[in-house]
There are 2 protein chains.
Amino acid sequence: MEPLAHTPTPPYYAVVFTSVRSDADPAGYEETAARMVELAARQPGYLGVESVRDGNGVGITVSYWSSLEAIRAWKAEAEHRLAQQAGRQRWYDCYRLRVCRVEDEYGFVRPR
Amino acid sequence: MEPLAHTPTPPYYAVVFTSVRSDADPAGYEETAARMVELAARQPGYLGVESVRDGNGVGITVSYWSSLEAIRAWKAEAEHRLAQQAGRQRWYDCYRLRVCRVEDEYGFVRPR
């Protein structure tokens, strides 16, 4: 995954998922997390993702979408629903999820 | 900093700042980053922050605000402007910043 997503001119939508991992099942978690990145990228309306987790198990994943409808469809996707359930059963101590409309975007790249 | 921000019922606003650190000046960066967290928390309209950086220098910081006006005022704050300038001169190889309206929020806490 590239660190910065290449998203279109706003408006578009973002899901900010902030989570704290439990100690449970790191191999199963890693495998499913990689699978979800791959599966999300194939959903209609997917625009990109940015994801970071630190050494304390705190993570922020921001996925970008063309519409609220695309976000709803991804939330309801069958394999993703099983992963969400496993997340609550095993992988996360807590999380917050925020659905956002992106209204403005800008950036910086260091000149070489 | 707590990993999850305690934000009010939506709507409110978020700034998603995704960045890649350069190798330059880690001590100066850490000091200023901590100072900016402290300074932001004292701005009108500040609601909270979540921030993660991984071992590869990729970071996502999401700050939450009551209005676009509060975000504009924080962007223009004098000491923050100096930090932004130093960020482009020394601390970041690249970044993207997205201003968002939070439309929905929910979460999970593992039952004890």
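## A salt bridge within a helix

A:Arg72 and A:Glu69 form a salt bridge in which the closest N and O atoms are 2.9 Å apart. The two residues are 3 positions apart in helix α2 of chain A, which means that about one helical turn separates them. This pair belongs to a predicted model. Over all chains, the count of salt bridges comes to 20.

## The interface between the chains

Of those contacts that run from chain A to chain B, 8 are salt bridges. One of them joins the side chains of A:Glu105 and B:Arg98, with a distance of 3.3 Å from N to O. Polar contacts are also counted between the two chains, and there are 35 such residue pairs, both residues having pLDDT 80 or more. On the side of chain A that touches chain B, two or more residues come from each of β1 (12-21), β2 (46-53), β3 (58-65), α2 (68-76), α3 (78-91) and β4 (92-109) of chain A. The element that gives the most is β4(A), with 18 residues. Sorted by class, this side of chain A has 24 nonpolar, 8 polar and 14 charged residues.

How many residues of each chain take part in the contact? In chain A there are 46, and they are in contact with 46 residues of chain B. Together the chains bury about 4000 Å² between them, and 59% of this area lies on carbon and sulfur atoms. Within chain A, the residues that lose the most area to chain B are A:Arg98, A:Tyr106 and A:Phe108, which together account for 19% of what that side buries.

## Strand pairing across the interface

Strand β4(A) pairs with strand β4 (residues 92-109) of chain B. The sense of this pairing is antiparallel, and it extends over 15 bridges. Within it, A:Asp104 stands opposite B:Val99 of β4(B).

## How the two copies are related

Two copies of a chain are related by a rotation about an axis and a shift along it. Here, a turn of 180° with a shift of 0.0 Å along the axis lays chain A on chain B, with an RMSD of 0.0 Å. The relation is therefore that of a two-fold axis. Both copies use the same surface, since 100% of the contact residues of chain A recur in chain B.

## A hairpin in chain B

Strand β2 (residues 46-53) and strand β3 (residues 58-65) of chain B run antiparallel and are joined by 7 bridges. One residue of this pairing is B:Val49, whose bridge partner in β3(B) is B:Ser63. The two strands β2(B) and β3(B) form a hairpin with 4 residues between them. In the turn, B:Gly57 has a positive phi of about 85°.

## Backbone features to note

Most residues other than glycine have a negative phi, and most peptide bonds are trans. Which residue of the loop between β1 and α1 (26-40) of chain A deserves attention in this respect? The residue is A:Asp25, found in that loop. Its phi is near 50°, a positive value in a residue other than glycine.

Cis peptide bonds are present in both chains. In chain A, such a bond joins A:Pro10 and A:Pro11, with omega about 5°, and A:Pro11 lies in the segment before β1 of chain A. In chain B, a cis bond joins B:Pro10 and B:Pro11, where omega is about 5°. B:Pro11 is placed in the segment before β1 (12-21) of chain B.

Conventions: Residues are numbered from 1 along each chain as its sequence is written. Chains are lettered from A and ligands numbered from 1 in the order in which they are written. This is a predicted model: local features need pLDDT of at least 70, side-chain atom pairs count only at pLDDT 80 or more; totals for chains, interfaces and linings use all residues. Side-chain values use heavy atoms; hydrogens and water are left out. Contact means heavy atoms within 4.5 Å. Buried area is the accessible area (1.4 Å probe) that two parts lose on being put together, summed over both. A salt bridge is a side-chain nitrogen of Lys or Arg within 4 Å of a carboxyl oxygen of Asp or Glu. A polar contact is a pair of N or O atoms within 3.5 Å; within protein, one must be able to donate a hydrogen and the other to accept it, and residues adjacent in sequence count only if both atoms are side-chain atoms. Ala, Val, Leu, Ile, Met, Phe, Trp, Tyr, Cys and Pro count as nonpolar, Asp, Glu, Lys and Arg as charged, and the others, Gly among them, as polar. Two strands pair if DSSP finds at least two bridges between them. Copies are superposed by least squares on the C-alpha atoms of residues with pLDDT of at least 70 in both.
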